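Subject: Structure for your review

Dear colleague,

I am handing over the structure below, and my notes on what was found in it follow directly after. Please read them with the coordinates open beside you.

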Amino acid sequence: MSDDPHDSRIRHVVIVGGGTAGWMTAALLAKALGRRVQIRLIESEQIGIVGVGEATIPQIRHINAFLGIDEDDMLRATHGTFKLGVQLNNFGRLGDSYLHAFSDIGLPLGLIGFHHYWLRKRASDPANDLWSYSLNTQTANEHRFGRMDKVGSSPLGGIKYAYHFDAGLYGQYLRQRCDPQVVQRIEGKVVDVQLREVDGFIESVRLESGERIAGDLFIDCSGFRGLLIEGALHTGYESWQHWLPCDRAMAVASARTEPLWPYTRATARTAGWQWRVPLQHRTGNGLVYASQHLSDDEASAMLLANLDGEALGTPRPLRFTTGMRRKAWQRNCVALGLAAGFMEPLESTSIHLIQSGISRLLAMFPDRHCDPVLVDEYNRQTRFEYESIRDFLILHYKATERDDTPFWRQCASMDIPPTLARKIELFRGHGQIFREHEELFTEVAWLQAMIGQHIEPQAYHPLADALDETQLDAFLGDIRTLVGRAAGSLPDHARFVADHCLTRT
Ligand SMILES: Cc1cc2nc3c(=O)[nH]c(=O)nc-3n(C[C@H](O)[C@H](O)[C@H](O)COP(=O)(O)OP(=O)(O)OC[C@H]3O[C@@H](n4cnc5c(N)ncnc54)[C@H](O)[C@@H]3O)c2cc1C
């Protein structure tokens with residue numbers, strides 16, 4: 001829908017949906033494209049937003065930087081706190097606990113990763129703890145937090161962090177930052193979608209009021225329903241439920257408790273797991289479970305029986321199917337957020353997937369013809385990203401020795417994708433982990449999950465023998481000391497929040 005038929009540049013973008021995905025898309029496109037495009041965002045208060053999703057991963061800080069957001073200001077507006085990682089309890093065995101910490105662990109030396117030296121040491125000292133070399137873990141254990149780019153003058157990397165926040169308020173915060181000259185918000189319910197006869201591209205959407213909104217490019221941020229990508233374009237959905245069997249959640253907030261943890265907690269239960277996300281004014285909780293093994297009433301009771309503070313309301317049910325849309329970009333429609341797919345929230349990746357989808361769209365920003373070469377490349381990269389996250393999630397279920405319930409027995413015995421099987425085999429045989437292409441999770445993330453869930457390497461890299469015993473002890477000991485001291489120098493997390501970003505009520 002360009003004003004000049006000879007000009008194929010995109011001038012009018014229509015976003016359907018005003019949840020976290022819709023407003024992130026509006027804010028980022030407006031900032032990147034400026035007044036060259038006009039953006040209209042349609043949302044319906046009558047329908048509302050999904051309203052869960054409070055934990056993020058460090059990549060979200062790139063958005064803040066790009067949008068020029070002051071982090072403290074944003075956290076104040078969203079009741080936010082800081083997140084150093086996810087504590088995973090009871091996954092490998094009942095009684096287990098490890099942190100998937102965002103920071104580095106130790107320091108690579110020569111051509112090989114730190115963990116090879118640690119594996120060598122652990123062969124003679126089984127109590128030597130991998131996480132004693134992790135700054136985020138040592139900091140989290142003491143409920144501390146601070147911004148630290150690196151450890152003093154040493155080559156050790158500093159604190160890597162993300163946020164816990166109210167995602168609904170985050171969407172509203174981004175909305176306020178959109179230039180009203182570029183982004184126009186339209187309140188209304190989309191009831192019909194018109195396709196162009198000649199090529200099946202979306203021409204316009206019709207609102208309940210009868211108004212038609214036309215555009216060159218449509219972004220489907222309508223949530224699980226996928227109003228455009230599925231409802232109008234029938235793209236299809238690929239379910240991964242046979243690998244990731246949890247398909248429901250119960251969510252409830254509870255009163256804040258002390259201390260204020262700088263991490264998300266995920267505790268495996270009989271047929272799924274329970275999250276705990278500490279915000280400034282309350283704690284977010286939810287039980288993610290497989291309906292095949294647990295009824296809604298049982299899930300609700302289990303959630304309420306395992307809260308740290310008083311429940312603030314009754315549990316709210318949610319349903320989902322982990323998987324992805326067969327094509328996130330189809331003709332002139334790009335789906336983002338829940339409309340594009342759903343990764344169950346164990347590693348808090350959904351908001352990140354919105355962000356990376358927008359980055360990819362901007363990198364491949366089309367003209368009105370939406371060249372299939374661009375579309376295919378976008379879909380190929382999207383699939384790679386989803387599948388590599390999927391594999392990381394499956395690892396948490398597969399790498400278990402639990403046999404106390406049918407759910408965990410099913411997880412332990414299931415077939416897994418060959419891509420994941422290869423990763424496990426490499427690690428088990430040789431202690432080797434390779435991050436592939438641009439996959440989201442780093443070697444350190446894979447390392448923590450594999451060691452934390454008892455995948456024991458039979459060997460380490462032969463180059464780790466280059467140090468003699470004294471040198472090895474000095475290398476490891478120095479890192480442990482530096483990490484411990486750095487963690488101990490940081491303030492209490494609650495104090496840090498109070499001093500920098502406390503929400504004024
Ligand atoms: C149990 C659970 C836990 C989660 N935890 C996390 C987490 O910890 N971290 C994380 O990153 N993510 C998490 N997520 C995902 C996160 O909630 C979503 O990715 C995020 O909120 C984006 O949602 P959305 O904007 O795509 O959809 P929604 O919030 O559903 O928004 C859809 C929008 O479309 C509009 N709409 C729909 N139909 C119409 C229509 N016909 N006309 C007009 N407007 C319409 C609605 O009004 C709404 O504005 C979780 C999700 C679930 C289910």
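Arg120 counts as buried because its relative accessibility is 12%, which falls under the 20% cut-off for that class. This arginine is found in helix α4, residues 114-124, and its side chain is joined to the side chain of Glu469 by a polar contact of 3.4 Å. Please keep in mind here and throughout that the model is a predicted one.

Three further residues are also classed as buried, and I list them with their surroundings. Glu439 is buried, with a relative accessible area of 2%, although its place is in the loop between α12 (418-430) and α13 (443-452). The side chain of Glu439 makes a polar contact of 3.2 Å with the side chain of Trp446. Gly236 is likewise found in a loop, the one between α7 (227-232) and β12 (237-239), and it is buried with a relative accessible area of 17%. Gly236 and Arg326 are separated by 90 residues in sequence, while their C-alpha atoms are 5.5 Å apart in space. Ser204, by contrast, belongs to a strand, β9, which spans residues 202-207, and it is buried with a relative accessible area of 7%. Between the C-alpha atoms of Ser204 and Ser295, which lie 91 residues apart along the chain, the distance is 42 Å.

Is Gly95, in the loop between β4 (85-89) and β5 (97-101), buried or exposed? Gly95 counts as exposed, because its relative accessibility is 68% and the cut-off for that class is over 50%. The C-alpha atom of Gly95 is 25 Å from that of Val252, a residue 157 positions away along the chain.

Turning to the strands, I would begin with β1 (residues 12-16), which runs parallel to β2 and is joined to it by five bridges. Within this pairing, Val13 has Ile39 of β2 as its bridge partner. The two strands, together with helix α1 (residues 20-33), make a right-handed β-α-β unit. Strand β2 itself, residues 38-43, is mostly covered, since five of its six residues are buried. Strand β2 is also joined by five bridges to β7 (residues 183-187), again in the parallel sense, and in that pairing the bridge partner of Arg40 is Gln184 in β7.

Strand β1 has another parallel partner in β11, with four bridges between them, and here Val14 stands opposite Phe218. Which residues of β11 (residues 217-220) point one way, and which the other? Leu217 and Ile219 point one way from the strand, Phe218 and Asp220 point the other way, and all of them are buried. Three bridges then connect β11 to β20 (residues 333-335), with the two strands running parallel, and in this pairing Phe218 stands opposite Cys333. Phe218 is thus found opposite Val14 in one pairing and opposite Cys333 in the other.

The remaining notes concern the ligand and the residues around it. There are 33 residues around the ligand, and those that come nearest are Gly18, Val52, Ala55, Val190 and Ile351. By class, this shell has 16 nonpolar, 13 polar and four charged residues. Several backbone atoms lie close to ligand oxygen atoms: for Val52 the distance from a polar backbone atom to a ligand oxygen is 2.6 Å, for Val50 the corresponding distance is 2.9 Å, and for Gly19 a backbone N or O atom lies 3.4 Å from a ligand oxygen. Taken alone, the ligand exposes 1,000 Å², of which the protein buries 97%. The elements that give two or more residues to the shell are α1 and α9 (350-363), and α9 gives the most, with three residues. Helix α1 therefore appears twice in these notes, as part of the β-α-β unit with β1 and β2 and as one of the elements around the ligand.

With best regards

Terms used:
Residues are numbered from 1 along each chain as its sequence is written. This is a predicted model: local features need pLDDT of at least 70, side-chain atom pairs count only at pLDDT 80 or more; totals for chains, interfaces and linings use all residues. Side-chain values use heavy atoms; hydrogens and water are left out. Buried means under 20% relative accessible area, exposed over 50%, partly exposed in between (1.4 Å probe, protein chains only). Two strands pair if DSSP finds at least two bridges between them. A crossover is right-handed if, with the strands pointing away from the viewer, the path from the first strand over the helix to the second runs clockwise. A residue is near a molecule or strand if one of its heavy atoms lies within 4 Å of it. A polar contact is a pair of N or O atoms within 3.5 Å; within protein, one must be able to donate a hydrogen and the other to accept it, and residues adjacent in sequence count only if both atoms are side-chain atoms. Accessible areas come from the Shrake-Rupley method with a 1.4 Å probe; for residues, only the protein chains shown count as cover. Ala, Val, Leu, Ile, Met, Phe, Trp, Tyr, Cys and Pro count as nonpolar, Asp, Glu, Lys and Arg as charged, and the others, Gly among them, as polar.
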